[in-house]
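This report describes one protein chain, from its overall build to selected residues. Please examine the sequence and the structure before reading on.

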Amino acid sequence: MATSFTANPLACAVALESLNLFRDDHTLERVGRLERWLRQGLSPLAELPIVGDVRVLGAVGIVELVADKVSKSAGGYLDDLGPRLMKAFVDRGLLLRPLGNVLYFMPPYVVTEDETAWAIQQVREVLTDLGV
């Protein structure tokens, strides 16, 4: 007997309602604004000696940290920098969990411009304070 989980009526109804919420709440417009805020705020971090790359796509911002900016060598996923940075962020009231040497920003779509700027400022200060 073959089974299929496609076209489940309940799942389809939920999916349609989710799309309606995106439309009615202008979610994609909010994501566009968030993308601009992340680009504007994160791009200057590329000047820091430890930052190898800054990328933003939609509501996701990424700051890749490196040990050597020229070769872009980094400790990778198991880098001990991640847990140290996580503690420093939490101490400042920012829940931002680095994955090894990569910081991911994935704020909720309802975040404000001021909140976004504050979070990015915390990252700049942590990277500067830790002397990394």
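Of the contacts in the protein chain with a separation of 6 or more, 52% are between residues 24 or more positions apart. The model discussed here is a predicted one. The chain has 132 residues, and buried residues make up 33% of them.

**Overall build**

The protein chain contains four helices and three strands. Read from the N terminus on, its elements follow the order α-α-β-β-α-β-α.

**The sheet**

How are the three strands of the sheet ordered? They form an open sheet with the order E1-E2-E3 and antiparallel pairing. Strand E1 (51-57) and strand E3 (102-105) each have a single partner strand and stand at the edges, so one side of each is left without a neighbour in the sheet. On average, and with direction ignored, neighbouring strands of this sheet are turned by 10° against each other.

Helix H4 packs on this sheet and touches E1, E2 and E3. The direction of H4 makes about 165° with that of E3.

The two strand pairings can now be taken in turn. E1 pairs with strand E2 (residues 60-65) in the antiparallel sense, over six bridges. Within this part of the sheet, aspartate 53 stands opposite glutamate 64 in E2, and valine 56 has glycine 61 in E2 as its bridge partner. The hairpin of E1 and E2 has two residues between the strands, and glycine 58 in this hairpin takes a positive phi near 65°.

On the other side, E2 and E3 run antiparallel and are joined by four bridges. Here glycine 61 has phenylalanine 105 in E3 as its bridge partner. Glycine 61 is therefore bridged to valine 56 and to phenylalanine 105, as the edge positions of E1 and E3 would lead one to look for in the strand order.

**Four residues in detail**

The table lists the relative accessible area of four residues and the class that follows from each value.

| Residue | Relative accessible area | Class |
|---|---|---|
| Valine 63 | 0% | buried |
| Threonine 27 | 6% | buried |
| Histidine 26 | 47% | partly exposed |
| Aspartate 114 | 65% | exposed |

Valine 63 lies in strand E2. Is this residue buried or exposed? Valine 63 counts as buried because its relative accessible area is 0%, and the limit for a buried residue is under 20%. Leaving aside residues up to four places away in sequence, valine 63 touches Leu42, Leu45, Val51, Asp53, Asn101, Val102, Leu103 and Phe105. Its C-alpha atom is separated by 7.7 Å from that of glycine 52, which is eleven residues apart from valine 63 along the chain.

Threonine 27 is found in helix H2 (residues 27-42). With a relative accessible area of 6%, threonine 27 is also buried. Its contacts, not counting residues up to four places away in sequence, are Leu21, Phe22 and Tyr109.

Histidine 26 belongs to the loop between helix H1 (9-24) and H2. Although histidine 26 is not a glycine, it has a positive phi of about 55°. Its relative accessibility is 47%, so histidine 26 counts as partly exposed.

Aspartate 114 lies in helix H4. At 65% relative accessibility, aspartate 114 counts as exposed, because exposed means over 50%. The C-alpha atoms of aspartate 114 and tryptophan 37 are separated by 9.5 Å, although these residues stand 77 residues apart along the chain.

**The largest pocket**

What is the volume of the largest pocket? It is about 210 Å³. The pocket is lined by 13 residues, and Leu94, Pro107, Pro108, Val111 and Ala119 lie nearest its centre. Helix H4 (residues 113-129) supplies the largest share of the lining, with four residues. By class, the lining has eleven nonpolar residues, one polar residue and one charged residue.

Helix H4 thus appears in two parts of this account: H4 packs on the sheet, and H4 contributes four residues to the lining of the largest pocket.

Definitions and conventions:
Residues numbered from 1 in each chain as written. Predicted model: local features only at pLDDT ≥ 70, side-chain atom pairs only at ≥ 80, totals over all residues. Heavy atoms only, no water. 1 Å grid on protein atoms, 1.4 Å probe; cavity = no way out; pocket = protein on both sides within 12 Å on 5 of 7 lines; lining within 4 Å. Points joined across faces, edges and corners; volume = space filled by probe spheres on them. Nonpolar A, V, L, I, M, F, W, Y, C, P; charged D, E, K, R; others polar. Buried < 20%, exposed > 50% of the residue type's maximum accessible area, 1.4 Å probe, protein only. Contact = heavy atoms within 4.5 Å. Pairing = 2+ DSSP bridges. Axes fitted to C-alpha atoms, helices over the stretch in contact; angles between N-to-C directions.
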